[in-house]
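Reader: I would like a close look at a single part of this model, the nonpolar core. Please go through what builds it and what surrounds it.

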Amino acid sequence: MLRNKEFSIFIMGSIVATLILLAIAYIISWESFIMVTSTAIILGIIFVIYTRWRYREIEKLSSYLREISNGNYGLDVRNNREGELSILRNEIFKVTGRLSHNSEYLKRDKMRMADAIADISHQLKTPLTSMQVMLDLLEQPTLPREKHEEFLRSLQLQLERMDWLITSLLKLSKLDAGTIDFSREQVKVSSLIEQAMEPIAIPLEVKELQVELHGDLEAIFYVDRKWTAEALINILKNAVEHTPVNGQIDISILDTHLYTEVSIADSGVGVSKEDLPHLFKRFYKGKHSGESSIGIGLALSYSILQAQNGIIEVQNGSQIGTIFTLKWYKVDK
């Protein structure tokens, strides 16, 4: 205690004040001197006992803080008494709760990152292994010309697939980090759908799919045109992949006071009940996914809509096919 500068100053001041009072009491009478002396001794003992108790309490708090610094957030230091130490205890407990929450969040974040790295490694390893095998075969001088051209086409497809995967992962990383500044511009829903259908025009023609666009064709909403088109493209690609030859894709637009809705329904085989809850998870591949499917397009669309006050829902049709419902809730411009 004596090493505490404030405590030492207080003790010195108390001693000086006590000596002055004792001198005055001695001048007045012997009885007054005895009374002041007894009172000073009793107050001194009480003060020492109280101060030692405060130091013990502070030492307990110091020990508690050391436990926190070692990652032990399970201790409960709260009490219901009044006083500055009780207030300090409760404030420390609140801070500990926040630290515990942040620690758990960081642990989950590290686990998600580890899982993502493992998934990415797996997704890149498969095409890289295939490309290495094809490169070894291309070095053989006796390889027929037809096989040579076939392997070159396969190499190009694998490179395109890897480029798409890496680009999509970079987009997802930016969305996760919150570094994308989404603009809000007035966009006609039907024109955005037509824009999103341009990249899939060839697959639509090859499979001879019929696309029907109906509903409120004059509806407008306020979104980021580029990123929203990206979300629609991924949903439409999924519909094309799971719709058989000569099938049909129905796109409907609904505009209400609360939200703008785009519904995309295909005539495919639908989604199994086991797959429905997991379709928007990264790298998830359903039972009916094609060999070229990576399982990242729907996750990207989900993140894009979520960042723009929107949601995606999926369900099986009443008879066949799958229905994706995209909603953008209206907010002040």
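Author: In this predicted model, the largest nonpolar core has 45 residues, and L232, I264 and F324 are the ones that touch the most other members. Helix 7, residues 225–241, supplies the largest share of this core, with nine residues. A second core, separate from this one, is made of seven residues, among them M131, L138, L143 and L155.

Take F324 from the large core. Leaving aside residues up to four places away in sequence, F324 touches I235, N238, V262, S263, I264, L279, F280, L298, I312, E313 and V314. I264, itself one of the three core residues with the most contacts to other members, is thus on the contact list of F324.

The strands come next. Strand 7 covers residues 322–329, and six of its eight residues are buried, so this strand is largely enclosed by the rest of the structure. Strand 5, residues 259–266, runs antiparallel to strand 7 and is joined to it by seven bridges. One pairing to look for is that of V262, whose bridge partner in strand 7 is L326. Strand 7 also pairs with strand 6, residues 310–316, again in the antiparallel sense and over seven bridges. Here N316 stands opposite T322 of strand 7. As a rule, side chains in a regular strand alternate between the two faces of the sheet.

Now the second core, which includes M131. L152 belongs to helix 4, residues 145–177. With a relative accessible area of 42%, L152 is partly exposed. A residue counts as buried under 20%, and a nonpolar core is a set of buried residues, so L152 at 42% is not a core member. Its C-alpha atom is separated from that of M131 by 9.6 Å, and the two residues are 21 apart along the chain.

A charged residue makes a useful contrast. K207 sits in the loop between helix 6 (201–206) and strand 2 (210–215). K207 is buried but has no salt bridge, and E241, the nearest side chain of opposite charge, is 8.3 Å away. A salt bridge needs the charged atoms within 4 Å, so 8.3 Å does not qualify. What K207 does have is the backbone oxygen of V240, which lies 2.8 Å from a polar atom of the K207 side chain. Not counting residues up to four places away in sequence, K207 touches V240, E241, T243, P244, V245 and N246.

Conventions: Residues numbered from 1 in each chain as written. Predicted model: local features only at pLDDT ≥ 70, side-chain atom pairs only at ≥ 80, totals over all residues. Heavy atoms only, no water. Helix = DSSP H or I, 4+ residues; strand = E, 2+ residues; numbered from the N terminus. Buried < 20%, exposed > 50% of the residue type's maximum accessible area, 1.4 Å probe, protein only. Lys, Arg positive; Asp, Glu negative; His and termini not counted. Polar contact = N/O pair within 3.5 Å; in protein donor to acceptor, adjacent residues only side chain to side chain. Contact = heavy atoms within 4.5 Å. Core = buried A, V, L, I, M, F, W, Y, C linked by side-chain atoms within 4.5 Å. Pairing = 2+ DSSP bridges.
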